[in-house]
Amino acid sequence: MNSVILIGRLTADPEVAYTQSQKAICRFTLAVDRQTKSEEAQADFIRIVVWDRQGENAGRYLHKGSKCAVLGRIQTGSYKDREGKTVYTTDVVASRVEFLDSKSDKPVNADEVKTQAESLFGDDVGFTYTDDGIPF
């Protein structure tokens, strides 16, 4: 059985490319926390490959720092570099990518919140705004 489930954050913006047959391939690296006995935080940096429509969506909606879950399989390979040395690779080929950041993780604009609340509840919302612009 070759099955992997990972949850982590992207280390950089994903890169999307297309094959000659116009098949999308998205690549990114996921930083996954590793539990250790010491208090020092450690992470593994795992290369992820996502194909087709799901790859296009990952490239469109994920960015550096995005939190996501990946379900897939491990795939190993090798190639010869420019100097003729064999380079071995290990990737996770994703069959499913779940975006875990919620829409509410975007910065909140207090005026936008007030406008949305007034459109739902009328002018009698009763928000009190602090100097920070955060409604309480």
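Visitor: How many bridges join S3 to S4, and do the two run parallel or antiparallel?

Guide: Good place to start! Keep in mind that this is a predicted model. Here 10 bridges join S3 to S4, and the two strands run antiparallel. To see one position in that pairing, find Cys 26, which stands opposite Val 50 in S4.

Visitor: In which sense do S4 and S6 pair?

Guide: S4 and S6 pair in the parallel sense, over 3 bridges. You can trace this pairing at Val 49, whose bridge partner in S6 is Val 93.

Visitor: Now the inside. Which residues of the largest nonpolar core touch the most other members?

Guide: The general idea is that in soluble globular proteins, nonpolar side chains tend to be buried together. In this model the largest nonpolar core has 16 residues, and Phe 28, Leu 30, Ile 48, Cys 68 and Val 70 touch the most other members. At least two residues of this core come from each of strands S1 (4–10), S3 (24–34), S4 (42–51), S5 (67–80) and S6 (86–99). The largest share, 4 residues, is supplied by S3.

Visitor: What does Cys 68 touch?

Guide: Leaving aside residues up to four places away in sequence, Cys 68 touches quite a list, including Leu 6, Ile 7, Phe 28, Leu 30, Leu 62, Val 97 and Phe 99. Cys 68 is buried, with a relative accessible area of 0%.

Visitor: How many disulfides does a search of the whole structure find?

Guide: To read this feature, look at how far apart the cysteine sulfurs are: a disulfide needs them within 2.5 Å. The search finds 0 disulfides. Cys 26 is in none, and the nearest cysteine sulfur, that of Cys 68, is 9.5 Å away.

Visitor: Why is there no bond between Cys 68 and Cys 26?

Guide: Because the sulfur of Cys 68 is 9.5 Å from the closest cysteine sulfur, in Cys 26, which is too far for a bond. Like Cys 68, which has a relative accessible area of 0%, Cys 26 is buried, also at 0%.

Visitor: Let me try an acidic residue. Is Asp 91 buried or exposed?

Guide: Asp 91 lies in strand S6. Its relative accessibility is 11%, and the cut-off for buried is under 20%, so Asp 91 counts as buried. Look next at its side chain, which is joined to that of Arg 47 by a polar contact of 2.7 Å. Not counting residues up to four places away in sequence, Asp 91 touches Arg 47, Val 49, Arg 73, Ile 74 and Gln 75.

Visitor: And where is the place of Asp 81?

Guide: Asp 81 sits in the loop between S5 and S6. It is partly exposed, with a relative accessible area of 27%. The side chain of Asp 81 reaches a backbone atom, the nitrogen of Lys 85, at 2.8 Å.

Visitor: Last one: how is a pair of aromatic rings described?

Guide: By two values, the distance of the centres and the angle of the planes. In this model the count comes to 1 aromatic pair. That pair is Tyr 61 and Phe 99, with 6.2 Å centre to centre and 55 degrees between the planes, and it is tilted.

Visitor: Which parts of the chain does the pair link?

Guide: Distant ones! Tyr 61 is in helix H1 (residues 52–61) and Phe 99 is in strand S6, 38 residues apart. Phe 99 is partly exposed, with a relative accessible area of 36%.

Conventions: Residues numbered from 1 in each chain as written. Predicted model: local features only at pLDDT ≥ 70, side-chain atom pairs only at ≥ 80, totals over all residues. Heavy atoms only, no water. Core = buried A, V, L, I, M, F, W, Y, C linked by side-chain atoms within 4.5 Å. Buried < 20%, exposed > 50% of the residue type's maximum accessible area, 1.4 Å probe, protein only. Contact = heavy atoms within 4.5 Å. Pairing = 2+ DSSP bridges. Polar contact = N/O pair within 3.5 Å; in protein donor to acceptor, adjacent residues only side chain to side chain. Phe/Tyr/Trp six-rings, centres within 6.5 Å; stacked < 30°, edge-to-face > 60°.
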